[in-house]
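Dear colleague,

I am handing over the structure we spoke about, and below it I set out what was found on going through it. Please read the notes with the model open beside you.

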2 protein chains.
Amino acid sequence: MSEILKLQKKIVPELTEILEKRYNILRYIYYNQPIGRRTLAGNLGIGERVIRTEINVLKKQELLEIQSIGMSVTEEGKMIIDKLQDFIHALRDLSSLENRLQEILMIKKVIVVPGTFDEDQLILKDVGKIASLCINSMIKDNNIIGITGGSTMAQIAEEMPENKSKKGVLVLPARGGLGKNLETQANNISAKIAKKLGGMYKLLHVPDSLEKEALETILKIPEIREIRELIKKIDILVLGLGRADEMARRRKLSEKTIEEIMNKGAVAEAFGHYFNRDGQKVWESSTVGLSLVDFQNVENVVCIACGKKKTEAIMSIASLKSNITLILDEGVAREITRLAN
Amino acid sequence: MSEILKLQKKIVPELTEILEKRYNILRYIYYNQPIGRRTLAGNLGIGERVIRTEINVLKKQELLEIQSIGMSVTEEGKMIIDKLQDFIHALRDLSSLENRLQEILMIKKVIVVPGTFDEDQLILKDVGKIASLCINSMIKDNNIIGITGGSTMAQIAEEMPENKSKKGVLVLPARGGLGKNLETQANNISAKIAKKLGGMYKLLHVPDSLEKEALETILKIPEIREIRELIKKIDILVLGLGRADEMARRRKLSEKTIEEIMNKGAVAEAFGHYFNRDGQKVWESSTVGLSLVDFQNVENVVCIACGKKKTEAIMSIASLKSNITLILDEGVAREITRLAN
DNA sequence: ATATGCGGGACTAAATATGACCCTGATGTA
DNA sequence: TACATCAGGGTCATATTTAGTCCCGCATAT
C-alpha cells in the first residue's frame, strides 16, 4: 500500500469509513438512477436521515444532482466513481490479497474487485466492468473468443465498452442452450459482445446437454461441426464458474444422477464437466461444447466468479490449469484465503 | 496536486481540516514536549476538551504517549510529523505557489514551508529544519559557507542535522557582532553549524558597523584581513533577511540617520546594505563583512525569511540576483502573490 | 382522477462534542 | 519537609450534531 495511504489511515483513521460510505451511496445511485432518497436508504440498509446528510455533502461537491424525478450522478461523479474504485482497491490493500491468491491457487493472475457480492449484488456490475476491460485488453486481431453463459457473463456483455479497434475478431458460444433465461444464454451473450467489439459471431443452436445418440446425430450437421472445429481454436476463453449442484439442477439432470455426481464430491461445473475439490473430473455431460482437452489447450482463460458460494468451485477450477486470469469479488477472495490457512 | 489528493478532497472535503488540526497538535506537542493538556489547549487556542478528544485518537494510533509528566510524541509520531509536512505541502498545493513565486520574483528556486509564522511562531522551527536540509544538500567538499545572524539563522543551526560526510568545509560569519543576544550572533551560529558539519570555522571579532576610521584601522589586523579575503570566496551564502527599519535600530544608528535611510525608501537590509523596493541600494553601513559586489559573485545564495513583515524585504532582495534559493513560510508567500496581483 | 414516488421541511430523540471544574499524584522549589 | 505547580483522569451539565420519523406539495405515470 502506498506510503501516503498508510499515513492518512494513521492520522485520520475514520477516513476509510467515511470514504467507503460515500462511495457506496454514489455507486448505488449511479447504478439505479434516477432513484429516490427513501428507496436508496432502504436498499442500502442505511437510515433515511443518514442518506440525507451524505447526499447533502455529495450534492455540495457537485457529484450528484437532484431533480424532482430523483437523484442522479453528474459527469464528474461518474469519473469519481471509477477512480474511487481503484482508490478503495489500494485502501483495502487488495493488491496484497491478489498476490496471496495467486500463490494459493497457483495461477497467473488474480483481480480482486472491492466489495462483497453476498452483501451487495451490485458488485456483479463492478465485476462485469472490470472483467470486460480485462478481456478487452487481451484481444488481438483475428482472435477467437469463447463465451459461456450465466448471469455474470451477461453482465460482462452489458458492461463491455464499444471497441472496434481489433480486426477479424470472432466470438463463439462455448456451450449450448441452458435454462430458460434468454439474457444469460451463451448464444445471446456472444452476439452482444461481438457487436460491441465490431466482430463476427456464430450461434450454437443446440441444447447444452444431450443424450449420446442425439449428440451423435447433431454432430453430423455441418454448421455444428464447423463451430465445433472453431471451438478448438479458441484464443481467449471467458468462463463463468458454476457450482456443481446448481448447474446439475439447471441442466435438469435426474435426481438420481445429481445424487451420484454429488456423491463423487463434485463442487464445480465448467463447460459441462464436473470437478471435485482437487480438480479431478468426476462426471461429464455429453455436450457439443468445449472438451477438457480443448480447455487445457486454450492460451488465455479468464475465469469470473462472484459470491462466497463459488468458493469451492473456484479452488477446484484453478487447479486445472495455471494459465488462468481469475476475476472475483473481495468477499469470496477473502473466503478463499481463510480456507487456505 | 496529485490525482489521488484531488479525489479525496472531493469525496471527503472535511479531511483537510481534521488532518491539519491533528498535525498541528502533534507538532506542537513534539516541539514542546513534555507538555500538559491545559497548556497545550491554551497555547493552540483550542478548547481543552477538543484537545482531549483529539489526544485520545492520537493516543489510540500510538502517535503519542502520556506519562504523568505530560504528553510526548512517540518515535512513530515523529516520523508521521515529518511525512505529514510533505503531505500538507501537497494538500495545500504549495508546489504551485512555489512556481508562481519563482516567476514573480524571478529567482531560481522557492521553497514554501506550510503554515503562517504570524499565527504560529513554531513555524520558525519548521523553516529552520527545511533550510538546514536544503543547505546540507548543497554543500560539496571544501566549500566555504557564509553565515549571517538573526533568530531564523539561529534556528537553522539548531535544526541542522549532524552530517560529517563532506570534507574541508569552512564556515564563516559574513558579518560582525550585532545586538545583545549571543545566540543570534553570526559568530556563534557559524561555530554551531561548523561543529554539526564536522568542518572548521573562523570568528570575526568586530562589531558589525563601524565608523570609517575604525574600519580602516581594523582592516590592518591580519586575522581580519584573512577573513575578509575568505569572505570573497564564499560558495554558499546563507542569508537571513531583515527589515530596513528594524535592522537600522538594532544597529543603533542615530534617529537622524534612520530617518534619512527610511526617507530614501529603504525596506530591506542585508549584509549591512539597505535597499528600496526596487532592489536599489540606498544606504550602506561601513562593515567588515560582505560587500554588494561579493554578494553578486556568490554562486549559491540561500535566503530565509519568516513572517509577513518581511514581505517587502523579500521582494527587494530577490530582485538583486536571480541565483537565489528562497525559503519562506506560507503566510508571507501568499502575501507576496497577493501584492503581485 | 388517482396512486405512487420524489425532494424538502419540521420536529423529537439520541448521541456526541464541548466546556467547566474537581481530584489525586508527581515534581520541583523554598 | 511543606508547598506550589502542573500533570492526567473523572465527572457532569450543556451545546451541538446526528438520526429517526412523519408530513407536505409536486411531478409523473397509470
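**Contacts with the DNA strands**

In this predicted model, a phosphate oxygen of DNA strand C is 2.8 Å from an N or O atom in the side chain of Thr39(A). Two contacts to bases of that strand come from chain B: an N or O atom in the side chain of Arg38(B) is 3.3 Å from a base nitrogen of DNA strand C, and a polar side-chain atom of Glu48(B) lies 3.4 Å from a base nitrogen of DNA strand C. The elements that contribute two or more residues to the surface near this strand are helix 3 (37-44), helix 4 (48-60), strand 1 (64-67) and strand 2 (70-73) of chain A, together with helix 4 (48-60) of chain B. Helix 4 of chain B provides the largest share of that surface, with 5 residues.

There are 21 residues around DNA strand C, and those that come nearest are Gly36(A), Arg37(A), Arg38(A), Thr39(A) and Arg52(A). Of the atoms of DNA strand C that come within 4 Å of the protein, sugar and phosphate account for 46%. Sorted by class, the surface near DNA strand C consists of 5 nonpolar, 8 polar and 8 charged residues.

For DNA strand D, the side chain of Thr39(B) has an N or O atom 2.8 Å from a phosphate oxygen, while a backbone N or O atom of Ile35(B) lies 3.4 Å from a phosphate oxygen of the strand. A base nitrogen of DNA strand D is 3.4 Å from an N or O atom in the side chain of Glu48(A). Around this strand there are 21 residues, of which Gly36(B), Arg37(B), Arg38(B), Thr39(B) and Arg52(B) come nearest. Helix 4 of chain A gives the most to the surface near DNA strand D, namely 5 residues, and at least two residues each are also supplied by helix 3 (37-44), helix 4, strand 1 (64-67) and strand 2 (70-73) of chain B. Of the atoms of DNA strand D within 4 Å of the protein, 47% belong to sugar or phosphate, and the rest belong to bases.

**Buried positions in chain A**

Val73(A), which lies in strand 2 of chain A, counts as buried because its relative accessibility is 5%, under the limit of 20%. Not counting residues up to four places away in sequence, Val73(A) touches Leu26(A), Ile29(A), Tyr30(A), Gln33(A), Leu63(A), Leu64(A), Lys78(A) and Ile81(A).

Ser316(A) is found in helix 15 (residues 311-318) of chain A and counts as buried at 0% relative accessibility. A polar atom of the Ser316(A) side chain lies 2.8 Å from the backbone oxygen of Asn276(A). Leaving aside neighbours within four places in sequence, the contacts of Ser316(A) include Val267(A), Phe275(A) and Gly279(A).

**Helix 6 of chain B**

Helix 6 (residues 94-105) of chain B has 12 residues and reaches 16 Å from its first C-alpha to its last, close to the 16 Å expected at 1.5 Å a residue. The buried residues of this helix are Leu94(B), Leu97(B), Glu98(B), Leu101(B) and Leu105(B). Seen down the axis of helix 6 of chain B, these buried residues fall within an arc of 100°, so they line one face of the helix. They pack against helix 5 (75-91), strand 3 (109-113), helix 15 (311-318), strand 13 (324-329) and helix 16 (330-340) of chain B.

**Backbone geometry to check**

Most residues other than glycine have a negative phi, and most peptide bonds are trans. Against that background, Met106(B), just after helix 6 of chain B, takes a positive phi of about 55°. Asp93(A), in the loop between helix 5 (75-91) and helix 6 (94-105) of chain A, has a positive phi of about 60° although it is not a glycine, and counts as partly exposed at 26% relative accessibility. Phe271(B) has a positive phi of about 40°, lies in the loop between strand 9 (266-270) and strand 10 (273-276) of chain B, and counts as buried at 3% relative accessibility.

A cis peptide bond joins Gln33(A) and Pro34(A), with omega about -5°, and Pro34(A) is found in the loop between helix 2 (15-32) and helix 3 of chain A. In chain B, a cis peptide bond joins Gln33(B) and Pro34(B), with omega about -5°.

With kind regards

Notes
Residues are numbered from 1 along each chain as its sequence is written. Chains are lettered from A and ligands numbered from 1 in the order in which they are written. This is a predicted model: local features need pLDDT of at least 70, side-chain atom pairs count only at pLDDT 80 or more; totals for chains, interfaces and linings use all residues. Side-chain values use heavy atoms; hydrogens and water are left out. A residue is near a molecule or strand if one of its heavy atoms lies within 4 Å of it. A polar contact is a pair of N or O atoms within 3.5 Å; within protein, one must be able to donate a hydrogen and the other to accept it, and residues adjacent in sequence count only if both atoms are side-chain atoms. Helices (H or I, at least four residues) and strands (E, at least two) are DSSP runs, numbered from the N terminus. Ala, Val, Leu, Ile, Met, Phe, Trp, Tyr, Cys and Pro count as nonpolar, Asp, Glu, Lys and Arg as charged, and the others, Gly among them, as polar. The expected span of a helix is 1.5 Å times one less than its number of residues. Buried means under 20% relative accessible area, exposed over 50%, partly exposed in between (1.4 Å probe, protein chains only). The arc is that of the directions from the helix axis to the C-beta atoms. Contact means heavy atoms within 4.5 Å.
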